[in-house]
Every structure is written in C-alpha cells, then in structure tokens.
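Trainee: I would like a close look at a single part of this structure, namely one helix together with whatever surrounds it. Please describe that part in detail and then place it in the rest of the chain.

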Amino acid sequence: MFKRIDHVALDVADIDRSITFYETLFGCKHYYDQLTGGGLRIAYLRSGDTVLELVNRDAGGMNGFHFCFESDDFDGDVARLTEAGIEAMTPPHDTDAREPREKGWRRVVFKGPDGEAIEFRG
C-alpha cells in the first residue's frame with residue numbers, strides 16, 4: 001500500500017533558474033540531478049522530508065504537474081490498479097536511486113480520472 005507522497009513535480013522552462021528560485025526564496029536544497037536516456041533533465045530539491053521535482057518542460061515533461069506516492073508493495077499496487085482497469089501511462093521500469101534507500105526501486109505512472117499523471121515508486 002502507499003506510505004506517503006514521495007514528491008510533487010513541476011514542468012519548468014529553465015531548471016537552473018527554478019533551482020535558484022526555490023533555494024533562495026524557499027530554503028530548498030538541490031540534492032540530485034538526473035538526465036534520462038531521452039534527454040529529459042530532472043532536478044530534485046528537498047524541503048525538510050519533502051521533495052520537489054523540477055522537470056525540463058522543453059524535453060517533454062509530464063504536462064505541467066504530477067505527484068508520486070511511495071509504495072511498500074510495488075508489484076501488489078501495480079496489480080491492484082491494473083485489475084481495477086486504471087490505465088498505465090508509463091509501464092513499470094527501473095529508476096535511479098536518488099539516495100541509498102531507493103536502490104532497486106522501480107517506478108510506474110498511471111492515469112487518474114481527469115488525465116492527471118500519478119506516479120509511484122518503490
């Protein structure tokens with residue numbers, strides 16, 4: 001089942017500008033950068049135990065916004081949502097570990113009732 005919301009993500013036009021904005025004005029700390037195989041740059045910032053993910057809009061982000069749950073039963077949650085007829089926008093796949101506890105995690109993105117992207121990792 002889902003433990004918590006892992007992160008909230010925003011598509012941004014200029015990641016470096018947004019990192020500076022959230023660090024300077026909101027006290028966030030940039031702690032991880034990722035470049036996907038498709039050229040999508042993603043930056044992760046912490047605010048306490050919450051994560052803000054910034055996605056490079058020009059490289060094909062996730063339509064403006066998404067949020068992500070952390071799962072303690074990834075395969076079970078994928079099966080449960082699939083059996084309920086919820087459409088997977090992105091199939092389950094391996095994902096980078098942003099920190100050591102995430103080693104071996106996978107991610108998937110399902111479509112919510114209004115077309116919103118709902119990611120979960122675990």
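Mentor: The account below begins with helix H1, continues through the strands around it, and ends with helix H2 and a buried glutamate. The model is a predicted one, and each value that follows is computed from it.

Helix H1 covers residues 15–26. At 1.5 Å a residue, its twelve residues should span 16 Å, and the end C-alpha atoms are 16 Å apart, which agrees. The N-terminal end of H1 is capped by aspartate 14, from which a side-chain oxygen lies 3.1 Å from the backbone nitrogen of aspartate 16. After the helix comes glycine 27, which has a positive phi, near 75°.

The two sides of H1 can be taken in turn. Its buried residues are Ile15, Ser18 and Ile19. Viewed down the helix axis, the buried residues fall within an arc of 105°, so they line one face of H1. Arg17, Thr24 and Leu25 are exposed on the other side of H1. Threonine 24 has a relative accessibility of 59%, and because exposed means over 50%, this residue counts as exposed. A polar atom of the threonine 24 side chain nevertheless lies 2.8 Å from the backbone oxygen of threonine 20.

What does the buried side of H1 pack against? The buried residues of H1 pack against E1, E2, E3 and E4. Isoleucine 15 shows part of this in detail: leaving aside residues up to four places away in sequence, Ile15 touches Arg41, Ile42, Ala43, Leu54, Val55 and Asn56. Isoleucine 15 also belongs to the largest nonpolar core, which has eight residues: Val12, Ile15, Ile19, Cys28, Ala43, Leu45, Leu52 and Leu54. Two or more residues of this core come from each of helix H1, strand E3 (41–47) and strand E4 (50–56).

The strands themselves are connected by pairing. E2, residues 29–35, is joined to E3 by six bridges, and the two strands run antiparallel. Within that pair, tyrosine 32 has tyrosine 44 in E3 as its bridge partner. E2 and E3 form a hairpin with five residues between them, and glycine 39 in the turn takes a positive phi of about 85°. E3 is in turn joined to E4 by six bridges, and these strands also run antiparallel. Here alanine 43 stands opposite leucine 54 in E4; both residues are members of the core described above, and both are touched by isoleucine 15. The E3 and E4 hairpin has two residues between its strands, with glycine 48 in the turn at a positive phi of about 65°.

E4 has a further partner. Six bridges join E1 to E4, and this pair runs parallel. Valine 8 stands opposite leucine 52 in E4, and leucine 52 is another member of the core. E4 is mostly covered, with six of its seven residues buried.

Helix H2 gives a second example of a helix with a buried side and an exposed side. The buried residues of H2, which covers residues 74–83, are Phe74, Asp77, Val78 and Leu81. These residues cover an arc of only 100° around the axis, which puts them on the same side of H2. Asp75 and Glu83 are exposed on the other side of H2. The cover over the buried residues of H2 includes strand E1 (2–12), strand E5 (65–71), strand E6 (88–94), strand E7 (106–111) and E8. Just after H2, glycine 85 has a positive phi of about 85°. E1 thus appears in the surroundings of both helices, since the buried residues of H1 pack against E1 and E1 is among the strands that cover H2. As for the separation, the C-alpha atoms of threonine 24 and phenylalanine 74 are 36 Å apart, and these residues are 50 positions apart along the chain.

Strand E8, residues 117–121, contains glutamate 119. Glutamate 119 has a relative accessible area of 2%, and because buried means under 20%, this residue counts as buried. Its side chain makes a polar contact of 3.2 Å with the side chain of histidine 7 and another of 2.9 Å with the side chain of arginine 107. Not counting residues up to four places away in sequence, glutamate 119 touches His7, His66, Phe67, Cys68, Phe69, Arg107, Val108 and Val109.

Technical notes:
Residues are numbered from 1 along each chain as its sequence is written. This is a predicted model: local features need pLDDT of at least 70, side-chain atom pairs count only at pLDDT 80 or more; totals for chains, interfaces and linings use all residues. Side-chain values use heavy atoms; hydrogens and water are left out. A nonpolar core is a set of buried Ala, Val, Leu, Ile, Met, Phe, Trp, Tyr and Cys residues joined through side-chain atoms within 4.5 Å. Buried means under 20% relative accessible area, exposed over 50%, partly exposed in between (1.4 Å probe, protein chains only). Helices (H or I, at least four residues) and strands (E, at least two) are DSSP runs, numbered from the N terminus. Contact means heavy atoms within 4.5 Å. A polar contact is a pair of N or O atoms within 3.5 Å; within protein, one must be able to donate a hydrogen and the other to accept it, and residues adjacent in sequence count only if both atoms are side-chain atoms. Two strands pair if DSSP finds at least two bridges between them. The arc is that of the directions from the helix axis to the C-beta atoms. The expected span of a helix is 1.5 Å times one less than its number of residues.
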